[in-house]
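Here's a quick tour of a chain, from its pockets to its packing and a couple of individual residues. Have a look at it first, then read on.

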Amino acid sequence: RGILHPLALAGAVALFSWGVRKGRSLLPAAVVFSLALWTYTPGRLLVPAMAALCVALHGSALRVRGARGRGDLVAAALFVGSLATLSAFWFSDEGMARVGEEVRGSFDGVGDDLLAYLSPAFLFETGDANLRHSLPDWGLLLPFEWLTVAWGVGLCLRMPSRQGALLLGWVVLGVLPAALTTEGHALRAIGAAPAFTLLSAAGLGDLLASVRRVSWRRWLTVGAGLAIAGAGYLSVWRTLHGDYRETSPGHWQWGMREGILALEASDRACRVVSADLFLPHVFILYHGRVPPERYQVRPLE
């Protein structure tokens, strides 16, 4: 679910911006915004907020679209209908079961956690302590991006535009679902990933544009792209095939399959699984192949 979230959100925002800029239908954007609601739980907050931000930033252009105005109403009705349909489940007892466990009881400390998610230390140095969400001794962004992201933010502030406002708003809204739940949970902030990428690209583009000679700029663009891709992939590969192999198995519950199969093969009448393990019933249901109808009648306790 998590990896589909930024993909669908980025696609929806791109289609919306393209539709407004080219005077085309916003129905494709509404469809993809609606699909984004189905991806990952933080989308309950982030997707409607991003749709509202897009509409607010392009409000003047939307008001003068003439014949497209009726199509815009159809697109809006599609998205609002999808949101309303899903909300009926989201706010039910079943839909709120997980959310009720994770979301803060009050807004105290949300601002501090929001800043912590946007801090250079979290983004470029430490990352998430859970190695399912982050690499050991890595931030969430590549080390060189401290320059390009910072330059991109500076560009947005120095030369205000709709695009800049969209990116800065996207970053804040993208990490807000994580700040409302717990500290340092990078996966719940994954919706901000496209915005950071675009900020980094904008910063790098502006840096390269400062080179006046076109021929030099082309060579620098190609060289920077190859160097960034090569160094980035090599560094990640070395980490994944080095320290990560030694430090991450526990975070991925390695060995649970073997343990569950051993329990299944045991002839003991009573078999106990520690609740200190992360969601152990999920592994029992999956690796033990418990029939769904049996579990629904008598859930594991």
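Let's start with the second largest pocket, whose lining divides into 29 nonpolar, six polar and two charged residues. For that split, Ala, Val, Leu, Ile, Met, Phe, Trp, Tyr, Cys and Pro count as nonpolar, Asp, Glu, Lys and Arg as charged, and the others, Gly among them, as polar. A pocket here is an open set of points on a 1 Å grid over the protein atoms alone, where a 1.4 Å probe fits, with protein on both sides within 12 Å along at least five of seven lines; lining residues have an atom within 4 Å of a point.

Before going further, some housekeeping. This is a predicted model, in which local features need pLDDT of at least 70 and side-chain atom pairs count only at pLDDT 80 or more, while totals for chains, interfaces and linings use all residues. Residues are numbered from 1 along each chain as its sequence is written, and side-chain values use heavy atoms, with hydrogens and water left out.

Back to that second largest pocket: nearest its centre sit Gly 139, Leu 140, Leu 141, Leu 142 and Ala 193. Helices H8 (120-126), H11 (193-209) and H12 (214-240) each give two or more residues to the lining. Helices are DSSP runs of H or I, at least four residues long, and strands are runs of E, at least two, numbered from the N terminus.

In the largest pocket, the residues closest to the centre are Arg 1, Tyr 40, Thr 41, Pro 42 and Arg 98. Helix H3 (43-57), H5 and H6 are the elements that give two or more residues to this lining. Here are the two pockets side by side; volume is the space filled by probe spheres set on the grid points, which are joined across faces, edges and corners.

| Pocket | Volume | Lining residues | Top contributor |
|---|---|---|---|
| Largest | about 1100 Å³ | 37 residues | H6, seven residues |
| Second largest | about 950 Å³ | 37 residues | H11, seven residues |

Now zoom out. The chain has 16 helices and zero strands, and its C-alpha trace spans about 75 × 50 × 35 Å along the principal axes. Of its 301 residues, 36% are buried, meaning under 20% relative accessible area with a 1.4 Å probe and protein chains only (over 50% is exposed, in between is partly exposed).

What about the packing? The largest nonpolar core (buried Ala, Val, Leu, Ile, Met, Phe, Trp, Tyr and Cys residues joined through side-chain atoms within 4.5 Å) has 47 residues, and Phe 16, Phe 33 and Met 50 touch the most other members. Helix H10 (residues 162-179) supplies the largest share of this core, seven residues. A second, separate core has five residues, including Met 256, Ile 260, Phe 283 and Val 290.

Beyond its neighbours within four places in sequence, Phe 16 is in contact with Leu 26, Ala 29, Phe 33, Cys 54, Val 55, His 58 and Leu 62, contact being heavy atoms within 4.5 Å.

Finally, two residues to click on. Ser 92 lies in the loop between helix H5 (68-90) and helix H6 (93-102), and counts as buried because its relative accessibility is 18%. Its side chain reaches the backbone oxygen of Phe 89 at 2.6 Å, and a polar atom of that Ser 92 side chain lies 3.1 Å from the backbone nitrogen of Gly 95. Gly 59, in helix H4 (residues 59-63), is buried too, with a relative accessible area of 13%.

Notes. A polar contact is a pair of N or O atoms within 3.5 Å; within protein, one must be able to donate a hydrogen and the other to accept it, and residues adjacent in sequence count only if both atoms are side-chain atoms.
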